[in-house]
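Reader: I've got a new structure open and no idea where to begin. Could you walk me through it, one question at a time?

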Amino acid sequence: GFYRLYPENIPGSLPSPNADLPDECLSVYKEAAFVFVYSPRAAAALLRLCLQLLLEHCGCKSPKENINDAIGRAVASRVIPEHIGAFMDYVRVKGNDAAHGNDFAINPDEQRENAEYMFILINEVARALITLPREGNESIAKLPESIRQHIAVRNAKAAQKKQEP
């Protein structure tokens with residue numbers, strides 16, 4: 001017989017994907033959710049790929065750039081907050097360990113916990129990089145044009161002061 005290898009539903013123990021995940025990331029997230037039951041290590045490796053695709057989608061990483069360097073550059077330049085960089089590094093390190101057979105976890109329960117946590121972190125990264133900026137833009141758009149112009153001038157002045165020695 002035939003087996004359905006790609007479910008539409010996320011297993012109940014895992015969080016649903018962030019609705020703002022781009023299609024290529026969503027596809028990998030769903031694949032990771034499906035294989036999680038059988039192999040948390042495989043799920044972790046896929047979630048690391050999901051992070052890479054998310055960073056590329058948001059312009060934080062070029063396709064040829066090392067993911068570690070991209071995260072460091074984005075944190076150093078304050079494109080992303082340090083705590084979001086920490087989430088990314090957890091996914092990066094645990095995903096790499098899982099893919100390369102390194103010390104991903106000592107026992108199956110720990111492997112499962114690590115991978116489950118990675119699903120949560122992918123959603124938090126998507127929230128920080130996509131959802132919150134979108135919601136912020138939607139909020140500011142509700143203000144009168146004159147106030148938006150004042151805010152733009154204020155922000156430009158603050159940016160100029162920051163660049164002065």
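Author: Let's start with one residue and work outward. T131 sits in helix α5, where helices are DSSP runs of H or I with at least four residues, strands are E runs of at least two, and numbering goes from the N terminus. This is a predicted model, so local features need pLDDT of at least 70 and side-chain atom pairs count only at pLDDT 80 or more, while totals for chains, interfaces and linings use all residues. Residues are numbered from 1 along each chain as its sequence is written, and side-chain values use heavy atoms, with hydrogens and water left out.

Reader: Is T131 buried or exposed?

Author: Buried means under 20% relative accessible area, exposed means over 50%, and partly exposed is in between, using a 1.4 Å probe and protein chains only. T131 has 6% relative accessibility, so T131 counts as buried.

Reader: Which residues does T131 touch, not counting those up to four places away in sequence?

Author: Contact here means heavy atoms within 4.5 Å. With residues up to four places away in sequence set aside, T131 touches N18, D20 and A126.

Reader: Where is N18, and what does N18 touch beyond four places in sequence?

Author: N18 is placed in the segment before α1. Its relative accessible area is 15%, so N18 is buried too. Leaving out residues up to four places away, N18 touches N123, A126, R127 and T131.

Reader: Let's zoom out. How many helices and strands are in the chain?

Author: Read along the sequence, the pattern is α-α-α-α-α-α. The C-alpha trace spans about 65 × 35 × 25 Å along its principal axes. The count for the chain is 6 helices and 0 strands.

Reader: What share of the residues in the chain is buried?

Author: Start with the outside: the chain exposes about 10200 Å², and carbon and sulfur atoms supply 54% of that. Those areas come from the Shrake-Rupley method with a 1.4 Å probe, and for residues only the protein chains shown count as cover. Of the 165 residues in the chain, the buried share is 34%.

Reader: Which helix supplies the largest share of the largest nonpolar core?

Author: A nonpolar core is a set of buried Ala, Val, Leu, Ile, Met, Phe, Trp, Tyr and Cys residues joined through side-chain atoms within 4.5 Å. The largest one has 36 residues, and those with the most contacts inside it are L51, L55, M88, F119 and I122. At least two residues of this core come from each of α1 (23-36), α2 (40-57), α3 (67-76), α4 (82-100) and α5 (108-141). The largest share, 9 residues, comes from α5.

Reader: What is L51 in contact with, leaving aside neighbours within four places in sequence?

Author: L51 is one of the residues with the most contacts inside the core. Leaving aside neighbours within four places in sequence, the contacts of L51 are I67, I71, M88, V91, R92, I122 and V125.

Reader: I71 is on that list. How far apart in space are I71 and I122, C-alpha to C-alpha?

Author: I71 is found in helix α3, and at 2% relative accessibility I71 counts as buried. Among the residues I71 touches beyond four places in sequence are L51, L55 and M88. I71 and I122 are 51 residues apart in sequence, and their C-alpha distance is 14 Å.

Reader: Why is the pair of Y29 and F119 called edge-to-face?

Author: Rings of Phe, Tyr and Trp (its six-membered ring) pair if their centres lie within 6.5 Å; planes under 30 degrees apart are stacked, over 60 edge-to-face, and the rest tilted. Y29 in helix α1 and F119 in helix α5 are 90 residues apart, so this pair links distant parts of the chain, and both residues are buried. Their ring centres are 5.2 Å apart and their planes stand at 85 degrees, so the pair is edge-to-face.

Reader: Which residues do ring pairs link into a cluster?

Author: By the same ring rule, the count comes to 4 aromatic pairs. The cluster linked by ring pairs is made of Y29, F36 and F119.

Reader: One last spot: is R78 buried or exposed?

Author: R78 is placed in the loop between α3 and α4. Its phi is near 65 degrees, a positive value in a residue other than glycine. With 69% relative accessibility, R78 counts as exposed.
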